[in-house]
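Work through the exercises below with the sequence and the model open. Each task is followed by a solution in steps.

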Amino acid sequence: AAAACRAAVQMQAALMTLNERWSQEDCPELKFRTGINSARVLVGNYGCDYRVSYTALGDGVNLASRLEASNKVFGTVVMVSETTAAEAGVAFQFRRLGRVLVPGKAEVVTVYELLFERLPEPQLGTDPRAIPGGEGEPEDPARESNVLYQWQWVRRDVVLNVVECYEKGIALFTIGDPMGAARWFREAIAVMPFDQPSKALLDACTSTSQGKAPADGVIRVSK
């Protein structure tokens, strides 16, 4: 689990570097999302004598694919299952996003956002361009649009503040109190304006309070 999370972080870092280079060549920016789940699956060469494919099969693989697609609901880039977050441990900073029902599944699952791999404290919060209250925003579009880059350079106390506000909001959202939840999501956005999950859940709270969405705290992901 830790290796998969580390690979996801490194892939986003590599993509940021490539986008910086491509922007100088007037090439379009590329983005991709990642879904990670930890489960027992079948991995190997499958097929017949004249056509073989190396792949992974199993319900755990299907869930990882659904998590990848679910990123678009929250505005995240790396989403992991509860199992992965638990197995990866404290080496990474996660944020519980909430309970979701993905296409093709009857069981509701709890999902997490991977924010960054934890770094020693002196390396955090040293880039004023990406810190709330710093001297301006990131000037490079490739860096500005990279969520993992932004989180990596935010002071840890600020990160924990945003996560705490979001956690309080999602707790109220789960028990069917969208108005109470909205207050905490607004608080998280005030601390961290680029926090997309808080914005997404704030919109969900508005829809729920207006009777346009179920109030059971489950976020349903469409195909």
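The exercises go from the chain as a whole to its sheet, a hairpin, one helix and the core.

The model is predicted, so local features need pLDDT of at least 70 and side-chain atom pairs count only at pLDDT 80 or more, while totals for chains, interfaces and linings use all residues. Residues are numbered from 1 along each chain as its sequence is written, and side-chain values use heavy atoms, with hydrogens and water left out.

**Exercise 1. Take stock of the chain.**

State how many helices and strands the protein chain has, and what percentage of its residues is buried.

Step 1. The protein chain holds eight helices and seven strands. Both are DSSP runs numbered from the N terminus: helices are H or I with at least four residues, strands E with at least two.

Step 2. Of the 223 residues, 41% are buried, meaning under 20% relative accessible area with a 1.4 Å probe, protein chains only.

Step 3. Take the contacts (heavy atoms within 4.5 Å) with a separation of 6 or more: 62% of them join residues 24 or more positions apart.

**Exercise 2. Lay out the open sheet.**

Give the strand order of the open sheet and find its edge strands.

Step 1. Five strands make up the sheet, in the order S1-S4-S6-S5-S7 with mixed pairing. Two strands pair if DSSP finds at least two bridges between them.

Step 2. Strand S1 (34-36) and strand S7 (218-220) pair on one side only, which makes them the edges. From one strand to the next, the twist averages 40°.

Step 3. Inside the sheet, S4 (residues 78-81) and S6 (residues 109-117) are antiparallel over three bridges. Ser-81 faces Val-111 of S6 there.

Step 4. Add the helices. H2 (residues 59-74) lies across S1, S4, S5 (92-101), S6 and S7, at about 130° to S4. H6 (residues 156-174) lies across S5, S6 and S7, at about 15° to S5. Axes are lines fitted to C-alpha atoms, for helices over the stretch in contact, and angles run from 0 to 180 degrees between N-to-C directions.

**Exercise 3. Trace the hairpin.**

Which strands form a hairpin, and how many residues lie between them?

Step 1. S2 and S3 form the hairpin, with four residues between them.

Step 2. S2 (residues 42-47) and S3 (residues 52-57) pair in the antiparallel sense over six bridges. Gly-47 stands opposite Val-52, and Gly-44 has Thr-55 as its bridge partner.

**Exercise 4. Find the buried side of H6.**

List the buried residues of H6 and explain why they lie on the same side.

Step 1. The buried residues are Val-158, Val-159, Val-162, Val-163, Cys-165, Tyr-166, Gly-169, Ile-170 and Phe-173.

Step 2. They share one side of H6 because they cover an arc of only 160° around the axis, taken from the directions from the helix axis to the C-beta atoms.

Step 3. After H6 comes Gly-176, with a positive phi near 85°.

**Exercise 5. Locate Leu-201 in the core.**

Which residues is Leu-201 in contact with, leaving aside neighbours within four places in sequence?

Step 1. They are Phe-74, Tyr-166, Ile-170, Phe-173, Phe-185 and Ile-219.

Step 2. Leu-201 is among the residues with the most contacts inside the largest nonpolar core, which has 21 residues. Such a core is a set of buried Ala, Val, Leu, Ile, Met, Phe, Trp, Tyr and Cys residues joined through side-chain atoms within 4.5 Å.

Step 3. H7 gives the largest share of this core, four residues.

Methods:
Buried < 20%, exposed > 50% of the residue type's maximum accessible area, 1.4 Å probe, protein only.
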